[in-house]
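Student: I am new to this structure. Please take me closely through one part: the ligand site and the sheet beside the talk of it.

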Amino acid sequence: LNLLEDCTLERYTAESNINQFDCGNADLNDFLHNDALPYAEKLLGVTYIFTLDANPSECVCFFTVSNDGVRVEYIPNRARKNLEKKIPNVKTQRSYPAVKIGRLGVNKKYQSPDMRVGTQLMDFIKGWFIERNKTGCRFLLVDAYNIDKVLQYYTRNHFVFLLKEEDEQKKDAAGNPKPLATRLMFYDLING
Ligand SMILES: CC(C)(COP(=O)(O)OP(=O)(O)OC[C@H]1O[C@@H](n2cnc3c(N)ncnc32)[C@H](O)[C@@H]1OP(=O)(O)O)[C@@H](O)C(=O)NCCC(=O)NCCS
């Protein structure tokens, strides 16, 4: 059962007319309703929605994507070797093309182990950038909320941490590592 097959993918625009959307995260809900259009107008990110064919004002899930890159010098040796061993002629690359999933949410009504809409959505995104991308893009990147449910979601969908926790952590004034709000994760669209 793939709910997204009963949905239409639309680019989110001022003409999109959707009901109040709730994925369980207030910041993400607010982004979709208030910030997605200004983001798109400034060419900072494009938001896509899947709406139910049987009820087009019902948004099942959404995601926002923008161009990004995985810069070679920001990657610690171990992770870098991991990336490079999979890419030929890599010495000429300063960075690897990537797409950043800046926002992503599934309507709470459709979050369930029976439907696995989040997994369907991620499978769609992967296929979309492998087969129908207008530019080259090797990696998907995400700054995942550092909470179990979200990290498990991305891990289950074969994303891996780009950096070790201690390499992402900033220090407070006393020199102690600050808790991380997000973790950078990536998915290799070829060897993922
Ligand atoms: C994170 C999010 C997108 C995941 O979407 P989802 O539709 O719930 O995700 P999935 O399709 O992977 O999983 C649905 C359920 O099936 C379960 N499931 C998925 N694959 C499974 C498998 N192979 N075996 C067993 N259970 C599985 C999951 O554990 C999940 O159960 P839960 O709801 O009890 O945790 C969604 O919860 C969401 O929108 N959260 C709020 C917004 C957010 O945090 N977004 C992330 C931004 S970085």
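Tutor: Start with a term. Two strands pair if DSSP finds at least two bridges between them. Keep that in mind for the sheet. Note also that this is a predicted model.

Begin at one end of the sheet order. Strand β1 pairs with β2, residues 46-52, in the antiparallel sense. The two share 5 bridges. One bridge can be picked out by its residues: R11 has Y48 as its partner in β2.

Now widen the view. The sheet is open and has 7 strands. Their order is β1-β2-β3-β4-β5-β7-β6, and the pairing is mixed. β1 (7-11) and β6 (160-161) are the edge strands. Each has a single partner strand, so one side of each has no neighbour in the sheet.

Move on to β3, residues 55-71. This strand pairs with β4 over 11 bridges, in the antiparallel sense. Here D68 stands opposite A98 of β4. On to the next pair. β4 and β5 run parallel and are joined by 4 bridges. A98 turns up again, this time opposite F139 in β5. A98 thus links the account of both pairs: D68 is opposite it, and F139 is too. As a general point, side chains in a regular strand alternate between the two faces of the sheet.

Two of these strands lead to the ligand. β4 (95-106) and β5 (139-145) each supply at least two residues of the shell around the ligand. The helices α3 (117-131) and α4 (148-156) each do so as well. The top contributor is α4, with 5 residues.

Look at the shell itself. There are 19 residues around the ligand. V106, R116, G118, T119 and R156 come nearest. Sorted by class, the shell holds 11 nonpolar, 5 polar and 3 charged residues.

Next, the polar contacts. T119 places a polar side-chain atom 2.8 Å from a ligand oxygen. K149 has an N or O atom of its side chain 3.2 Å from an oxygen of the ligand. V117 uses its backbone: a polar atom there is 3.5 Å from a ligand oxygen. The protein covers much of the ligand's surface. Taken alone, the ligand exposes 930 Å², and the protein buries 75% of that.

Last, the location. The ligand sits in the largest pocket.

Notes: Residues numbered from 1 in each chain as written. Predicted model: local features only at pLDDT ≥ 70, side-chain atom pairs only at ≥ 80, totals over all residues. Heavy atoms only, no water. Near = heavy atom within 4 Å. Polar contact = N/O pair within 3.5 Å; in protein donor to acceptor, adjacent residues only side chain to side chain. Areas by Shrake-Rupley, 256 points an atom, 1.4 Å probe, with all protein chains shown as cover. 1 Å grid on protein atoms, 1.4 Å probe; cavity = no way out; pocket = protein on both sides within 12 Å on 5 of 7 lines; lining within 4 Å. Sits in = over half its atoms within 2 Å of the grid points. Nonpolar A, V, L, I, M, F, W, Y, C, P; charged D, E, K, R; others polar.
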